[in-house]
Amino acid sequence: MTNTKQETLKEKIQSIKEDIQMMKIVRPGSISKQYNVCGKLTCACKDKEHPKKHGPYYVLSYRHRGKTRTEFIRQPFVADVEEWTDDYKRLWKMIDKWIDFSIKLSKLEMKDSDSSQVKKNPNPRTNKTGKN
């Protein structure tokens with residue numbers, strides 16, 4: 001019974017590894033749409049009643065190696081970058097599952113190993129005389 005549990009966990013881990021290998025590019029962060037006001041006094045973006053701000057501009061914000069970064073993303077690449085950031089989030093979810101499965105698998109393997117070995121000294125901290 002334990003072997004089937006172990007095999008199931010190994011299959012799940014292998015499936016995660018295969019899914020990760022299929023990913024091409026992963027990027028942390030999220031994209032936001034921004035509109036800006038320029039410094040030109042006669043520009044339509046300065047109209048008090050109906051301002052027409054410049055944009056939209058797409059911005060990728062992320063944190064990597066302890067630094068917060070911001071990059072402008074041109075319109076033709078927005079869909080690609082959204083896919084890459086979605087894959088990044090999926091990657092970390094898969095890694096979390098991989099860790100969960102690995103913990104369960106290691107516990108099962110250690111349990112099997114303990115039950116298959118005959119213990120010579122049940123308390124390894126004590127020597128043959130019983131003194132520490």
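Let's start with the core. The largest nonpolar core in this predicted model has 9 residues. They are L9, I13, I16, M23, L91, M94, F101, L105 and L108. Which helices each supply at least two residues of this core? They are α1 and α2. Helix α2 gives the most, with 5 residues.

Now stay with those two helices. Helix α1 covers residues 2-22. Helix α2 covers residues 78-116. A salt bridge also connects them. K10 pairs with E109, and the closest N and O atoms are 3.8 Å apart. K10 belongs to α1 and E109 to α2, so look at the sequence gap: the two are 99 residues apart, and the pair links distant parts of the chain. How accessible are the partners? K10 counts as partly exposed, at 38% relative accessibility. E109 is partly exposed as well, with a relative accessible area of 36%.

How many salt bridges are there by this rule? The count comes to 3. K10 with E109 is one of them.

The next one sits inside helix α2. The side chains of R90 and D87 meet at 2.8 Å, N to O. Why can they be described as one turn apart? Because they are 3 residues apart in helix α2, about one helical turn separates them. Is D87 buried or exposed? D87 counts as buried, at 12% relative accessibility. R90 is partly exposed, with a relative accessible area of 41%.

Keep your eye on α2 for an aromatic pair. Y88 and W92 both lie in this helix. They are 4 residues apart, which is about one turn of the helix. Their ring centres are 6.4 Å apart, and their planes stand at 65 degrees. Angles over 60 count as edge-to-face, so this pair is edge-to-face. Y88 is partly exposed at 26% relative accessibility. W92 is partly exposed too, at 47%.

One more residue in this helix. D80 lies in α2. D80 is partly exposed, with a relative accessible area of 32%. D80 and I25 are 55 residues apart in sequence. In space, their C-alpha atoms are 9.5 Å apart.

On to the sheet. What is the strand order? The sheet is open, with 3 strands in the order β1-β2-β3. The pairing is antiparallel. The edge strands are β1, residues 30-36, and β3, residues 67-73. Each of those pairs on one side only. Neighbouring strands are turned by 35 degrees against each other on average, direction ignored.

What joins β1 to β2? Strand β2 is residues 54-64, and 6 bridges join β1 to it. Take Q34 as an example. Its bridge partner in β2 is Y57.

Y57 comes up again. A search of the whole structure finds 2 aromatic pairs. Y88 with W92 is one of them. Y57 with F72 is also an aromatic pair, and it is edge-to-face. The distance is 6.5 Å centre to centre, with 80 degrees between the planes. Y57 is in strand β2 and F72 in strand β3. They are 15 residues apart, and the pair links distant parts of the chain. Which are they, buried or exposed? Y57 is partly exposed, with a relative accessible area of 35%. F72 counts as exposed, at 59% relative accessibility. The cut-off for exposed is over 50%, so F72 passes it at 59%.

Last stop: R27. R27 sits in the loop between α1 and β1. Its side chain meets that of E71 in a salt bridge, 3.0 Å from N to O. E71 is in strand β3, 44 residues apart from R27. This pair, too, links distant parts of the chain. E71 is partly exposed, with a relative accessible area of 28%. R27 has another contact. Its charged end sits over the ring of Y62, 5.3 Å from the ring centre.

To recap. The largest nonpolar core draws at least two residues from each of α1 and α2. The K10 and E109 salt bridge links α1 with α2. The sheet is open and antiparallel. And R27, from the loop between α1 and β1, links to E71 in β3.

Key: Residues numbered from 1 in each chain as written. Predicted model: local features only at pLDDT ≥ 70, side-chain atom pairs only at ≥ 80, totals over all residues. Heavy atoms only, no water. Pairing = 2+ DSSP bridges. Axes fitted to C-alpha atoms, helices over the stretch in contact; angles between N-to-C directions. Phe/Tyr/Trp six-rings, centres within 6.5 Å; stacked < 30°, edge-to-face > 60°. Buried < 20%, exposed > 50% of the residue type's maximum accessible area, 1.4 Å probe, protein only. Lys NZ or Arg CZ within 6 Å of the ring centre and 35° of its normal. Salt bridge = Lys/Arg side-chain N within 4 Å of Asp/Glu carboxyl O. Core = buried A, V, L, I, M, F, W, Y, C linked by side-chain atoms within 4.5 Å.
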